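Please open the structure in your viewer and keep the selection tool at hand. The tour below goes from stop to stop, saying what to select and what can be found there.

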Amino acid sequence: MEETILESAFFLVVAIVSIALIIVVSKQRQQQKTVTTIPWAPNAIPILGHALKYRSNPGKFLLDTFEQVGEIFQINMAGKVMIVACGSHVQRAVASAPESILSARQAVADIGFEEMLGYLNVYKGTDVHKGIVKGLLHNRTTSSEQVVSGWIQSIQRSLKHETALNKEPQKVDFMKFIRRVVLRVSIDQFIGAFFLEKDECWEDGFDFIEVFMNFQDDLEDVTAKSVVLPRAAALPLLLWPLKRRRHRLQQRISKRLEYVLKHNGSLEKYGFWLADLKDKFHPDEIAELIVGLLFAAHKNPAIGTAQSYLMLYEHATSDQKQIILKESKAFISNPSIQESSYPTLNRLCLEALRLTAHSIGAVRTAQHDFPVETTNKQKYIIPKGATVALTHLSSSLNSEFWKEPHQMDLDGRPMESYQNDYMFTVFSHGIHKCPGHKLAMLVLHSTVAILLVEYEIATLNPIPPLCFERATLGQRAGPVYVTIRENDNQEK
């Protein structure tokens, strides 16, 4: 009797388990049917895939593919497969995923940034910079007006210095000129003006600003080239030579820091960044962090500044120019971090940034399989190990978000659109949003205002169209030559 009962119980358990397994397998099959392969960008060629099309015009290639294929797609960069997230729904999921799921650090290391910028910058630099910048903006002993005033004065000094380097008539490449100004300001504010002073550490003829700008330009070239090469080839041909060059630059910086820290006892002479770090890291470590800091802090704000000024004269009406000039004078006279005090100047800078947003603004490496869903509920799986790129241009020029998206509009766009990180994506989004975006906007507002009020600038050639070839904000397809001099009639 007991055996019969046990046998019946056994078969009952087997039956229940079998039914449960059937239900689970059925659900998995249903899910598999709803999760499809991420589509490919069209028109790949053998071996090189989409590499040539991408290199020739990254912005156009990504926007065209977004329109043809949809919110997420795969591209083949000469054997390296990259998943591109264009739609805001997919981007929100990717940008919000924690580092343990979609890793930004691993992604930039895989691209070669550990060789190009160093271990500290890849794995610790962002956290270091983020804490210090946050401290500056929320410093209870310094008002926001004092912070803004300090940056304005630094920009004025830098502009005077750079204009004095050239004799009349002063013909300069405007984009390069503004880069030199903003890099000098970054050094002044973050590290300290002493860093560029001539003494036994900086021999005659050594121009740190020029050396660093050339290093950064070459780093961007190496980044673009290494993306389309197998890592085994990219290391000896591109990454290791640049690494050796970075080490030589860091040795100069470290030597300079050791000299200054030995002979300079006044904290007032240190920039706020170095004042915070000088007792926490060895000079060799600070030197490596300086390379990463200046790499991140100066070029895109400089491009944004130059583009804001150029687009003002390309697209603004006479009335709009007068309004921005009036706001600029008021801003310089009474510095304020409240953008409502100079709304048209602010909108000019925001529109310039929107129109020049990065083709590829961020990358992640999947640490686990990661499910995403498009706006129309199509489900995909980003597989473990995949590289995911977020394009900023697709949101900034999306006609669903912006009326006439390719046109500059200084009047009609609601400010809420610029405050939506998935419509206005210039400063990235999610957990890795740019920690210095407020300082970047301060640089744009201040520099454009000072140029308008205190300098006379005349272009010497037609302004070339926008160009998105480099991994930065959109630049120009050629140099913009101008003459620039201080305005003798400026109001004191």
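## A helix across a sheet

Begin by selecting helix α4 (residues 88-96), which lies across β1, β2, β3, β5 and β8 (387-390) and runs at about 120 degrees to β8. Please keep in mind throughout that this is a predicted model.

Now select the strands beneath the label of this stop: they form an open sheet of five strands in the order β1-β2-β8-β5-β3, and the pairing is mixed. β1 and β3 (102-103) stand at the edges, each with a single partner strand, so one side of each is left without a neighbour in the sheet.

Stay with β1 (residues 72-77) and look at what surrounds it. Six of its six residues are buried, so β1 is largely enclosed by the rest of the structure. In a regular strand the side chains alternate between the two faces of the sheet. In β1 both faces are covered, with I72, Q74 and N76 buried on one side and F73, I75 and M77 buried on the other.

Next, add strand β2 (residues 80-85), which pairs with β1 in the antiparallel sense over six bridges. If you select M77, you will find K80 of β2 standing opposite. The hairpin of β1 and β2 has two residues between the strands, and in that hairpin A78 takes a positive phi near 55 degrees.

For the other edge, select β3 together with strand β5 (residues 362-366), since these two pair in the antiparallel sense over two bridges. Here S103 stands opposite T365 in β5.

## A sheet of three strands

Move on to β4, β12 and β9, three strands that form an open sheet in the order β4-β12-β9 with antiparallel pairing. β4 (171-173) and β9 (455-459) stand at the edges of this sheet, each with a single partner strand, so one side of each is left without a neighbour there. From one strand to the next, the twist averages 40 degrees.

Select β9 and strand β12 (residues 481-486), and you will see a pair joined in the antiparallel sense over five bridges; within this pair, A458 stands opposite T483 in β12. Then add helix α8 (residues 144-164), which packs on the sheet, touching β9 and β12, and whose direction makes about 55 degrees with that of β9.

## Charged pairs

Side chains of opposite charge can pair when their charged atoms come close. Counting nitrogens of Lys or Arg within 4 Å of a carboxyl oxygen of Asp or Glu, the model has 25 salt bridges.

Start with D64 and K60, whose side chains meet in a salt bridge (2.7 Å, N to O). Both residues lie in helix α3 (residues 58-69), four residues apart, about one turn of the helix. D64 counts as partly exposed, at 27% relative accessibility.

Then select E162 and R184, where the side chains meet in a salt bridge of 3.0 Å, N to O. This pair links distant parts of the chain, with E162 in helix α8 and R184 in helix α9 (residues 174-191), 22 residues apart. Both E162 and R184 are buried. Widen the selection to E162, K176, R180, R184, D207 and E210, and you have residues that are linked in a network of salt bridges.

A further pair to select is R413 and E351, with side chains that meet in a salt bridge (3.2 Å, N to O). R413 is in the loop between α17 (393-396) and α18 (415-418), while E351 is in helix α16 (residues 343-355), so that the pair links distant parts of the chain, 62 residues apart. Are these two residues buried or exposed? R413 counts as buried at 5% relative accessibility, and E351 is buried as well, with a relative accessible area of 0%.

## Last stops

Turn to the surface and select I45, I47, L48 and L52, which make a nonpolar surface patch of about 390 Å². Within this patch, I47 is placed in the loop between α1 (2-34) and α2 (51-56), and I47 is exposed, with a relative accessible area of 75%.

Finish at A224 in helix α10 (residues 208-227), a partly exposed residue with a relative accessible area of 26%. Add A471 to the selection: A224 and A471 are 247 residues apart in sequence and 7.7 Å apart in space, C-alpha to C-alpha.

How values were computed. Residues are numbered from 1 along each chain as its sequence is written. This is a predicted model: local features need pLDDT of at least 70, side-chain atom pairs count only at pLDDT 80 or more; totals for chains, interfaces and linings use all residues. Side-chain values use heavy atoms; hydrogens and water are left out. Patches are made of residues with over 30% relative accessible area and no salt bridge: like charges are joined within 9 Å, nonpolar side chains (Val, Leu, Ile, Met, Phe, Trp, Tyr) within 5 Å. Accessible areas come from the Shrake-Rupley method with a 1.4 Å probe; for residues, only the protein chains shown count as cover. Buried means under 20% relative accessible area, exposed over 50%, partly exposed in between (1.4 Å probe, protein chains only). Two strands pair if DSSP finds at least two bridges between them. Axes are lines fitted to C-alpha atoms, for helices over the stretch in contact, and angles run from 0 to 180 degrees between N-to-C directions. Contact means heavy atoms within 4.5 Å.
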